[in-house]
Every structure is written in structure tokens, then in C-alpha cells.
Amino acid sequence: MACNKEFIDFICEALSPLGEVRSRKMMGEYIIHLNGKCVITACDNNAYVKRLASIAPLMVGAETGHPYEGAKEAYILDFADQRKAREVIKTLWEELPYPKPRMRKKQPMICRINQREDYEALTKVWLASVKATHDFLSEDDIEFYRQRLPRDYMPNVELYAIRNSNGQWGAFIGLSKEMVEMLFVHPSEMGKGFGSKLLEFAITTKGIRKVDVNEQNLRALAFYRKHGFSVIGRDALDSEGKPYPILHLEL
């Protein structure tokens, strides 16, 4: 049975002379903090506190129990005597540590690619991505584009890339003056936000508003639509004159 709010308010009011009291609901139970430290776990309208040696003399004869399945046995603090309860909590507070600060998840950094020696690694990202998402391309055409990518395409765009947690290139984007010319994410990094981060960079930092997408690449089309792009035109052939229809999208 979960705690009722009246019980939690009663405990918080009883502890208020000791300082700042906050309660937070978690899966039916409540965690009660005093001056930044967790002092009580409240469950089934009982106030559970850790069984520490420092409060043992104050808790002689007190009931014990488990606030939830799998939890360590704890004292049940009786608030009928509020003065004693505050003494217990004050003593407990002195021994309890402050919670460790949460480590912020390290955000992937977008790097400008200026070195041609990175083209080979990025081409491998492109190849893996294309094989995972462009099943409409023939093997001959994949090889045709693979050869042209580092030779003709990459040198003519601004390239930006993101490394994965292992320090390998995980995704890259190529930008011209007004549009996204290429955006590819390695299959092992898909779903991690790399593509969105690169696209948002292009929109907010570079003012990009246009992109072309293969009509058969439904996943890419959905991705750009999710980010606010709309189809404004269509060509039956791609820029190389091959029979892969291109959709023109714009914000």
C-alpha cells in the first residue's frame, strides 16, 4: 500500500524545525530529504530510516522492517514523539553522506573535417550506412558513388563529423552554401542522436534550409520530415543522371 499525502505532509511538518524538507514520490514510496540528504524512505505510512550505530541508543525497542522488496532492514521511526523523532533524524543526518552529483552525459562533439586522410574513414561510414539503408541501389552504382565520394564530392563541401564512444567516426554531414549535400550515420550508431545533432547544427549554425533525398529512402524522408522539412519538388533522375528519383525538401 502506498503512503497517503497526509502522512507525508505530517512528517515534513514535524521535521521542518530542522531545516529544508523536501519529499519526492518514487514508485509509490516517498523519499524525504532534509537539507540535501535523504533521511527517510516512507512506505505504507511508515517512516523507515537506516540502521546506523549512531542512532541505535535512540531506537531501542523500535520496530524494524523492509520499506520495499529487496531493501535492507531498517528502523521504523515513530513520530508520535516528534521531539525524539527529530533527535533521531538530526543524529542520522550528521552521519549520512550527501548524494553524489549526477554525472552529465558527455555530449558528442562536432568536428570540422579539413584533412583528406579522414576521407577514407568517412567513406567507410558512408558505405556501411548505404548498405544498411539504400537497398534500392545496385552494387555497381554503390561502387560508382564510393569511388567518387572522396575524390569529387567531399572536397567540394564543408564536412563535419562526430566520433563515437570508441573515438571512431560515427556520422558525418556535408554542407554547401544553402543545403545539406550528404548526411550519413554508421549503422552501429543509428538511434543515438548523431544525425539529429548534425542536422540541428546545420540548421541553427549554418542556416541550412534545403536537402535532397532519394525517394526510395523512406527512413531518411521520415527523418527530415520529423525535423520540419517538406517536399517541394521531385526529379526523376539523380544528379549523375541515374534512375533514382530525388525529392527536394525545404524548411
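This talk walks through the confidence, the seven-stranded sheet and the two largest pockets of one predicted model.

The model is predicted, with local features needing pLDDT of at least 70 and side-chain atom pairs counted only at pLDDT 80 or more, while totals for chains, interfaces and linings use all residues. Residues are numbered from 1 along each chain as its sequence is written, and side-chain values use heavy atoms, with hydrogens and water left out.

Confidence comes first. pLDDT is the predictor's confidence in each residue, from 0 to 100. The chain has a mean pLDDT of 90, and 97% of its residues reach 70 or more. The lowest confidence is in β1, at a mean of 88, and the highest is in β10, at 95. These element names come from DSSP runs, numbered from the N terminus: helices are H or I with at least four residues, strands are E with at least two.

Now the sheet. It is open, has 7 strands in the order β7-β8-β9-β10-β11-β13-β12, and its pairing is mixed. Two strands pair if DSSP finds at least two bridges between them. At the edges are β7 (110-113) and β12 (230-235), each pairing on one side only. On average, neighbouring strands are turned by 30° against each other, direction ignored.

Some of the pairs in detail. β7 and β8 are antiparallel over 4 bridges, and R112 has Y160 in β8 as its bridge partner. β8 and β9 also run antiparallel, joined by 6 bridges; here E158 stands opposite L175 in β9. The hairpin of these two strands has 5 residues between them, and G167 there takes a positive phi near 85°. β10 and β11 pair in the parallel sense over 2 bridges, with M179 matched to K210 in β11.

Which helices lie across this sheet? α3 lies across β7, β8 (158-163), β9 (169-175) and β10, at about 95° to β9. α5 lies across β7, β8, β9 and β10 too, but runs at about 25° to β9. Contact means heavy atoms within 4.5 Å. Axes are lines fitted to C-alpha atoms, for helices over the stretch in contact, and angles run from 0 to 180 degrees between N-to-C directions.

On to the pockets. On a 1 Å grid over the protein atoms alone, a pocket is an open set of points where a 1.4 Å probe fits, with protein on both sides within 12 Å along at least five of seven lines; lining residues have an atom within 4 Å of a point. A volume is the space filled by probe spheres set on the points, which are joined across faces, edges and corners.

The largest pocket holds about 1,200 Å³ of space. It is lined by 44 residues, and H134, M182, L183, F184 and D212 lie nearest its centre. Elements giving two or more residues to this lining include α3 (117-133), β10 (179-185), α5 (194-204) and β11 (210-214). β10 supplies the largest share, 7 residues. By class, the lining has 23 nonpolar, 12 polar and 9 charged residues. Ala, Val, Leu, Ile, Met, Phe, Trp, Tyr, Cys and Pro count as nonpolar, Asp, Glu, Lys and Arg as charged, and the others, Gly among them, as polar.

The second largest pocket has a volume of about 650 Å³. Its lining has 25 residues, with I31, C38, T41, K50 and Y68 nearest the centre. β1 (21-26), β2 (29-34), β3 (37-43) and β4 (46-49) each give two or more residues to this lining, and β3 gives the most, 4. The classes here are 17 nonpolar, 2 polar and 6 charged.
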